Structures are given as C-alpha cells and as structure tokens.
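Dear colleague,

Please find below the structure that I am handing over to you. My findings follow it, and I would ask you to read them with the model open beside the text.

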Amino acid sequence: MPAIDLAILQFGKETTWGTPVAATAKLMGVTEATLQPVDKVAAIADLGTLAPSRRSVQVGQHGEGTFSLALSYEDALYPLHGLFGAVDPSGAGPYTWAYAAPVDAAPTMQPFTVEYGATGASYRLAGALIPKATLTIAVGDVWRLTKAALLGKAISPVTLAALADRAVELVRAADTKLYLDEWAGNIGTTEVQAALIKAELALDTGRHLKYFNDFHPLAYGEARWAKSPLKLTLEFGAAAKALVDSLLTPLLVQRQIRLKATSGTKSLQVDYAGTLTSGYELFKDRDGNMIVELNFEGEYNTNLGNWLEVTAINPVSALP
C-alpha cells in the first residue's frame, strides 16, 4: 500500500451541493489531512433484557474530515471560499478577492468535491463545506490554517484526478504588519512595530448538515457565526501596555486590528474588530523578555462595516 506521505488533497468546484465532480486543483502546502464517514446508528434497548441492545440499524451517514495548510497567496482562496462563500475578483492582474463575514444575509456557498489519498487508496467527499478553521501567524514561520474542518454529504471511493503541482508563494510571518486602531478610527492607520509574536484566530461559522427523509443529509444550514476569538501575543512594549492599562478601567477596550502580509504585488490581509474580554497574566516569558497575551472577541464595528473581512490580492483570475 502507498505511504501516507504520498497522500494528496484535491478540490473540485461543485455546481449543485452534494453532486460530485472531478477535482481540478491539487492543493499546495497541505501538511496533514483526514477523511472519515460518520455513521448514525439507532441501537434499541428492549425491555425484558439487561443487554445494552438486542437490535440496531444504521439510520444515516455523512462525511467529515480535516486539513492543515501552509497558506500561500494563491491557494488561500480555497479555504476562504469554503469559509466565507463564493466571491468574484475585481481588478485585472493582480486580482482582488474580498471576503466578508455575513451580517445581514447568509453567504452564497461554494461547495467542493474533495479527493484525498494516493493511488490505490483514495476517496472523495461530496458536498464538502468548511465550517471551522484556525489561522495562526507565528514569528519565524509562515501563515498556517490548522485543523480546517470538512463537512459533507457522503464519502465514496474515487480514482484521483491526475493534476499537476502549481507554483505558489507562501505567506511569511516576516512580511506581516500589525495595526491596532481605535474603535472610532480608521483601520490600518496605526502600525505597531516590533511587538507581534503570534496571532491566532479561531473561526466557527456555525454551518451544519440537515437530515430529512434520506440516508444522507439533503441540505446544509447557516447560523450565526461564533465570536471567533483572536489571541494576540505581544512583547510588552508601549502598545501592549496601553491595552493592559485600559483594561484596568471600567470601560470596554475595543480595537480594530489589521494583520497584513505583502510580497510584491501580492497581499493577504485580515481585518478584525473586537472587544478585549478577559484578563491576562503579568507577565509571561519569551527568551527573558516580558510578553502578554490579549484575547479579543469579534464585534461589529460601524466604521469597518463588519467585524471580520479578509482580502487577498494575487495573480489568480479564477479558482482552477
């Protein structure tokens, strides 16, 4: 059997949710992935016996999985489509892809057929959605999407589409700038230098499957996004001290936060508005220096017009 390190992850854009298509793009930068069928079983505990069950039947099944990705300016579009919904780009090389968390209406989703495995050991998940993921930006590394969840209609065997590697550029933490702006100000105004050690944003869309009169789910549903906490680990300098001191007052501490990586004409930008919600330990240590961890929860900001937006600028005119 093939070695696990030879397994690949491939995406194809579905026209109708749950109707499988051949994959059209092999994802670059995948560091781990899983797929699994999830069975729903009714086990009947009859009266007249102390046995846990004397009869059972399988009543449903869907597919789940996870994947982790070293983000590139190009292939970040796949998880962004899966999380925020389908968008069309603007511009003409480079192209601008603007994603926003839903506020007044549910997004138009882009379902995928996901192929995973190696020659002779490969399966596909039809109707794949991405309900959760965590973005991590850590000094000395690249931007990473970890444990992105896959949720879909059904898993079945597949012969992998023969797809070539594509040239992509990884997003480096070294190319990332942090901006912290007042709640009533304009985001991206105040850069904080020599402070960011790590940023971790946990996204949860509340997306779920719907079972009706069928063995497999027949639809999916949208819900309110969770508050999607953003944790910033900062060296304790002037910017961090100002936030810490503010939290000691009886007033809310709210900030607009921008994390932006740039390489030439390419960029990947996260705009987040949130409220500082919890205390902090004074102080943690990093190589003998003081650091502090600050935890924000997403909250709608009038100036931003949202609480979470992601903008990708790259040479990609359409998802492969």
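A residue is called buried when its relative accessible area is under 20%, and exposed when that area is over 50%; a residue in between is partly exposed. Please also keep in mind throughout that this is a predicted model.

**The helix α1**

With that definition, helix α1 is a good place to begin. Eight of its eight residues are buried, so that the helix is described as mostly covered. The buried residues are Leu77, Tyr78, Pro79, Leu80, His81, Gly82, Leu83 and Phe84. Directly after α1 comes Gly85, which has a positive phi, near 105 degrees.

**The cavities**

How many cavities of 30 Å³ or more does the structure hold? There are two. The largest cavity has a volume of about 150 Å³. Its lining is made up of 14 residues, and those closest to the centre are Leu71, Leu80, Leu135, Leu145 and Val310. Two or more lining residues are supplied by each of α1 (77-84), β14 (196-204) and β19 (266-276). Helix α1 makes the largest contribution, with four residues. By class, the lining holds 14 nonpolar residues, no polar residues and no charged residues.

The second largest cavity encloses about 50 Å³ of space. Around it stand Leu135, Ile137, Ala199, Glu200, Leu201, Leu230, Ile257, Leu259, Val270 and Tyr272. The elements that each give two or more residues to this lining are β9 (132-138), β14, β18 (254-263) and β19. Here the largest share, three residues, comes from β14. Nine residues of this lining are nonpolar, none is polar and one is charged.

**An open sheet and the strand β1**

Five strands form an open sheet, arranged in the order β2-β1-β7-β8-β11, with antiparallel pairing. Strands β2 (25-26) and β11 (154-157) stand at the edges; each has a single partner strand, so one side of each is left without a neighbour in the sheet.

Within this sheet, strand β1 (residues 8-13) pairs with strand β7 (residues 112-118) over six bridges, in the antiparallel sense. Leu9 stands opposite Tyr116 in β7.

Ile8 also belongs to strand β1. Is Ile8 buried or partly exposed? Its relative accessibility is 21%, and Ile8 therefore counts as partly exposed. Leaving aside residues up to four places away in sequence, Ile8 touches Lys26, Glu115, Tyr116, Gly117 and Leu160. Lys40 lies 32 residues from Ile8 along the chain, and the C-alpha atoms of the two are separated by 28 Å.

**Aromatic residues**

The count of aromatic pairs comes to nine. One of them is formed by Tyr78 and Phe112, whose rings are 6.0 Å apart from centre to centre, with 50 degrees between their planes; the pair is classed as tilted. This pair links distant parts of the chain, as Tyr78 is in helix α1 and Phe112 is in strand β7, 34 residues apart. Both Tyr78 and Phe112 are buried.

In addition, Phe84, Tyr99, Trp225, Tyr272 and Trp307 form one aromatic cluster. Two members of this cluster have appeared above: Phe84 is among the buried residues of α1, and Tyr272 is among the residues that line the second largest cavity.

**Backbone points to inspect**

Most residues other than glycine have a negative phi, and most peptide bonds are trans. Against that background, I would draw your attention to the following places.

- The peptide bond from Gly93 to Pro94 is cis, with omega near 10 degrees. Pro94 is found in the loop between β5 (90-91) and β6 (95-100).
- Lys147 is not a glycine, yet its phi is positive, at about 50 degrees. This residue is placed in strand β10 (residues 144-152).
- Ala194 likewise has a positive phi, near 50 degrees, without being a glycine. It lies in the loop between β13 (191-192) and β14. Is Ala194 buried or exposed? With a relative accessible area of 79%, Ala194 is exposed.

When you go through the model, I suggest that you start with α1, whose residues are buried and which gives four residues to the lining of the largest cavity.

With kind regards

Technical notes:
Residues are numbered from 1 along each chain as its sequence is written. This is a predicted model: local features need pLDDT of at least 70, side-chain atom pairs count only at pLDDT 80 or more; totals for chains, interfaces and linings use all residues. Side-chain values use heavy atoms; hydrogens and water are left out. On a 1 Å grid over the protein atoms alone, a cavity is a set of points where a 1.4 Å probe fits but cannot get out, and a pocket is an open set with protein on both sides within 12 Å along at least five of seven lines; lining residues have an atom within 4 Å of a point. Grid points are joined across faces, edges and corners, and a volume is the space filled by probe spheres set on the points. Ala, Val, Leu, Ile, Met, Phe, Trp, Tyr, Cys and Pro count as nonpolar, Asp, Glu, Lys and Arg as charged, and the others, Gly among them, as polar. Two strands pair if DSSP finds at least two bridges between them. Buried means under 20% relative accessible area, exposed over 50%, partly exposed in between (1.4 Å probe, protein chains only). Contact means heavy atoms within 4.5 Å. Rings of Phe, Tyr and Trp (its six-membered ring) pair if their centres lie within 6.5 Å; planes under 30 degrees apart count as stacked, over 60 as edge-to-face and the rest as tilted.
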